[in-house]
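Here are a few short exercises to try with the sequence and the model side by side. Have a go at each task before you read the worked solution.

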Amino acid sequence: MDRSRLTVFFEDPFWAGLAERWAEGRYEAAKVTFGGEPSGPELYQWVLREWDHLKFCPAAAEAMPEERRINPKRAQRAIHKEVRPQGMGTKAQETLKRQHEQAQAERTARRRRARAEEAERSFQQRQARKKERRRGH
């Protein structure tokens with residue numbers, strides 16, 4: 001039974017693909033660089049056009065991996081989890097979040113300065129009272 005697989009991944013600074021095939025008890029692999037992130041239809045067209053022209057590395061005698069049945073719902077959840085963006089969704093939301101964090105840091109710094117100034121002022125008042133009491137004799 002012949003089997004093939006194309007795995008697309010980001011390899012800084014380009015998107016790349018790893019083409020693998022198992023045929024007649026041999027394992028062969030080829031690497032492809034795409035450049036920008038390819039979409040699903042672009043990948044499909046690329047496979048139809050270019051798969052036969054790939055230069056696979058010399059065959060290695062390796063057994064075909066076992067076909068493991070995965071529950072379709074579980075596979076779909078895993079795919080959705082990988083595709084789902086992490087963190088905030090849009091650039092506007094990210095910008096607002098960053099702005100909020102910056103304002104919060106400024107407020108914290110302002111409060112800290114005010115607290116330190118108040119402590120210094122009260123210390124100076126105490127020192128002045130002490131001095132006044134001493135002078136009063």
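**Exercise 1. The fold in outline**

How many helices and how many strands are there in the protein chain? Then write down their order along the sequence.

*Solution.* Keep in mind that you are looking at a predicted model.
- Step 1: counting the elements gives three helices and four strands.
- Step 2: reading along the sequence, you should arrive at the pattern β-β-β-α-β-α-α.

**Exercise 2. Surface and contacts of the chain**

Find what share of the residues counts as buried, and describe the exposed surface.

*Solution.*
- Step 1: the protein chain has 137 residues, and 12% of them count as buried.
- Step 2: the chain exposes about 12300 Å², with carbon and sulfur atoms supplying 52% of that area.
- Step 3: now turn to contacts with a separation of 6 or more; residues 24 or more positions apart account for 40% of these.

**Exercise 3. Pairing opposite charges**

How many salt bridges does a search of the whole structure find? Work through some of the pairs and classify each partner as buried, partly exposed or exposed.

*Solution.* A general reminder helps here: side chains of opposite charge can pair when their charged atoms come close.
- Step 1: the search of the whole structure finds four salt bridges.
- Step 2: one of the pairs is glutamate 28 with arginine 21, at 2.5 Å from N to O. Glutamate 28 has a relative accessibility of 10%, so it counts as buried, since the cut-off is under 20%. Arginine 21, at 29%, is partly exposed.
- Step 3: glutamate 50 pairs with arginine 49, and their closest N and O atoms are 3.9 Å apart. That is within the 4 Å that defines a salt bridge. Glutamate 50 is partly exposed at 30%, and arginine 49 is partly exposed at 48%.
- Step 4: glutamate 118 forms a salt bridge with arginine 121, with 2.6 Å between the closest N and O atoms. Both residues belong to helix H3 and sit three residues apart, about one turn of the helix. Their relative accessibilities are 40% for glutamate 118 and 42% for arginine 121, so glutamate 118 counts as partly exposed and arginine 121 does too.

**Exercise 4. A charged patch**

Which residues form a positive surface patch? Pick out arginine 112 and place it in its helix.

*Solution.*
- Step 1: the patch is made up of Arg107, Arg110, Arg111, Arg112, Arg113 and Arg115.
- Step 2: arginine 112 lies in helix H3, which covers residues 91-135.
- Step 3: the relative accessible area of arginine 112 is 54%, so this residue is exposed; the cut-off for that class is over 50%.

Key
Residues numbered from 1 in each chain as written. Predicted model: local features only at pLDDT ≥ 70, side-chain atom pairs only at ≥ 80, totals over all residues. Heavy atoms only, no water. Patch = residues over 30% accessible without salt bridge, like charges linked within 9 Å, V, L, I, M, F, W, Y side chains within 5 Å. Areas by Shrake-Rupley, 256 points an atom, 1.4 Å probe, with all protein chains shown as cover. Salt bridge = Lys/Arg side-chain N within 4 Å of Asp/Glu carboxyl O. Lys, Arg positive; Asp, Glu negative; His and termini not counted. Charge placed at Lys NZ, Arg CZ, Asp CG, Glu CD. Helix = DSSP H or I, 4+ residues; strand = E, 2+ residues; numbered from the N terminus. Buried < 20%, exposed > 50% of the residue type's maximum accessible area, 1.4 Å probe, protein only. Contact = heavy atoms within 4.5 Å.
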